[in-house]
Amino acid sequence: MKGIALEASAWLSTFPHRVAPLPDEWLPGLLLRCDEANHWQSGTTFRHLLRSTHHPGFGSGSSLVVFPFSILEYLAPLLEVPVSCLLATTYAGELARLYAPNPPHSEHLVGPRRSNNVRSFLQKSVGMRAITAMPGFHICPICIAQARLLRRTTILPHLNYCPIHHVAFHAHCTCGFPLLLFSRKRQPFVCFACGLDWAQLPHIPLPADQVTLEHDLWAFYELFLLKGSSSLKMAAGSLVLSRIKEYIPFELRFAGRRVKHVASLALDRLSLRYLLDILVSIGISPDDFADGLVV
Amino acid sequence: MTELGPRPPFVVHQKFLETPFERRFQGLLRQAWQERSWHVIAAVPGSGKSLGIADFVVSSAAYKDATGTTQLAVLAIRAPKNAAREQALGMAMSATLGVVPRMPWWQRRSWLVPILASTGVECIIIDDAQDLTLAHLALLKELTDNLAAPPYERQVGLCLVTAHSGNVMPFKETFARPDVLWKQFRRRLATENPYCVVPGHTEEEVRRTLMTFEDLYRSQLPDLQLLRWTKTIFTWLTNPILDPDATGRVAMDHLTRLVTTSLQRAYGHGAADIDAAILQAVAELMILRRDEITFIEPISHDELLPQREQA
């Protein structure tokens, strides 16, 4: 991407320091890098976008998987990057393919909204909107240390370890407080309570007994998100239906609930989070998809 | 007069001309930038200060790249008008950097220091500095002091560029006051050339500038010979009406107006050069009829109708 010279009109219509999305970067991570590059408090760019586009806010428990196009369109000239580059920092394209013809929605990936993990008195103390307390928000300390990078993969449900660095994601600081995506009055990428840089959180290696599970989950996500289509998802549903009789009733590995019945119609509407939970719980592995869709 | 066929409209060149005044003026700006020194630079209105600053800033090779690096070695702003509070100056400085989200003044004030450091600001130029207030100057001192202190340890040059008239040197009296702030300000001014007046053009410099105009406009007026009018033009433009301080120098704005208006008229008459009559008419317009009021008669509806019908 080209530099902007002072005499160009874009000089005045861009932020003082521009940042461009890194490969596999998640949009809120890009916004935090923008805050850091411009010496702004955490969440300044995010709040500016909401205010400028008159967006009512994402509400409590949002996962920020998909952003409205109006926000991306507004952000693109501020960074002088194409909108398509910003779209790639969300899972909008992948989910649109997977859940066609429905428009992409966060719930397609993470399921229904859950309550956030931060108590209300805490939200008040850091002067933030509920959105900053994103449920299940976690980070890889090595990604942060290397490039201040929040990958899109950090929002994939059930993954507890960074698929790149094989260290545990951190949802809490060593001081015990949860990590908040945006916390006013703090610099970006630091604990809002103690100020510890997220890059300094301990590197906890992936234990041997978790390797297969994490690998399979990651492989499923690659399959569904990178190569996925609505027909692939339907085929996965058929595979589940053909195998599920042997297992019902069974307990979902991640959700911890018992499943007594699965309707074929409902399978098509399942979130990826729930679908993967069923696949893993009834012992279907990504290899079952290796030679085409074996039903 | 050579008769020419139908011509396209006359094009006035908007190019920045590196005139002798600009060389002197930009030389001072460059000195302040290189030596990180503080100067008050004065010149008469219309001498080309603002154009010189704009060209100087552009040539400082500022850029914003996509990896987060922004270089703005020379930050130039115009002093806020009718806005005496320090916020106005802070906002003007922020605005030159691009889009900055809304933030309270206390936050913006402290934000200015790291952002000026990270964008590599080495020299601040304030145009129309005669409009600066005490609050603005205090903010400038605070910002530059904070930049000079750890962790930034960045000395920043400062040029207060002012329009002046008469023999009064702007800021000289203010900085000579006994208040601590002014003492501190005075101490920061450069040892060499703290107060500079950049004069306009001498007759020889007018001649050289006319030579440049000839080159610029020869494509539109092929027989153009401006040099022969040097003496006359210099005499007209140093008339007490245009040079009330009797500096004996020519301001670039006057020279440009006289030349381009004359060329425009000559071109409009289908000529390939200007003549004495045209030059004199324009000079009279500038000198004798400068404050003349023109009454624009209202155009009646009836007069417009036939034209509309023709159209």
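**Stop 1: the domains of chain B**

Select residues 20-197 of chain B and give them one colour; this is domain 1 in the domain assignment. Then select 203-287 of chain B, which is domain 2. You are looking at a predicted model. How far apart are the centres of domain 1 and domain 2 of chain B? Over C-alpha atoms, the separation is 34 Å.

Now go to where the two domains touch. Domain 1 of chain B brings eight residues to this contact, and domain 2 of chain B brings nine residues. Stay on the domain 1 side and colour by class. You should find three nonpolar residues, five polar residues and no charged residues there.

**Stop 2: strand β1 of chain B**

Select residues 38-43 of chain B, strand β1. Is this strand enclosed or open? Six of its six residues are buried, so the rest of the structure largely encloses β1(B). A residue counts as buried when 20 or more other C-beta atoms lie within 10 Å of its own.

Show the side chains and check each face in turn. One side carries B:Trp38, B:Val40 and B:Ala42. The other carries B:His39, B:Ile41 and B:Ala43. Both faces are covered.

**Stop 3: the partners of β1(B)**

Add residues 157-163 of chain B, strand β6. β6(B) pairs with β1(B) in the parallel sense, over six bridges. To find one of the pairs, label B:Ile41 and its bridge partner B:Val161.

Next, add residues 195-197 of chain B, strand β7. The pairing of β7(B) with β1(B) is parallel too, over three bridges. Here, label B:Val40; its bridge partner in β7(B) is B:Tyr195.

**Stop 4: where chain B meets chain A**

Bring chain A into view. The contact between the chains takes 19 residues from chain B and 25 residues from chain A. Which elements of chain B give two or more residues to this side? Select α2 (49-58), β2 (63-64) and α4 (105-118) of chain B. The largest share comes from α4(B), with four residues.

Colour the chain B side of this contact by class. Twelve residues are nonpolar, five are polar and two are charged.

**Stop 5: a strand pair across the chains**

Finish with residues 4-5 of chain A, strand β1 of that chain. Keep β2(B) selected alongside. Two bridges join the strands, which run antiparallel. Which residue of β2(B) stands opposite A:Ile4? Label B:Lys64: this residue faces A:Ile4 across the pair.

How values were computed
Residues numbered from 1 in each chain as written. Chains lettered and ligands numbered in written order. Predicted model: local features only at pLDDT ≥ 70, side-chain atom pairs only at ≥ 80, totals over all residues. Domains from an automatic or database assignment. Contact = placed C-beta atoms within 7 Å. Nonpolar A, V, L, I, M, F, W, Y, C, P; charged D, E, K, R; others polar. Buried ≥ 20, exposed ≤ 12 C-beta atoms within 10 Å, placed from the backbone. Pairing = 2+ DSSP bridges.
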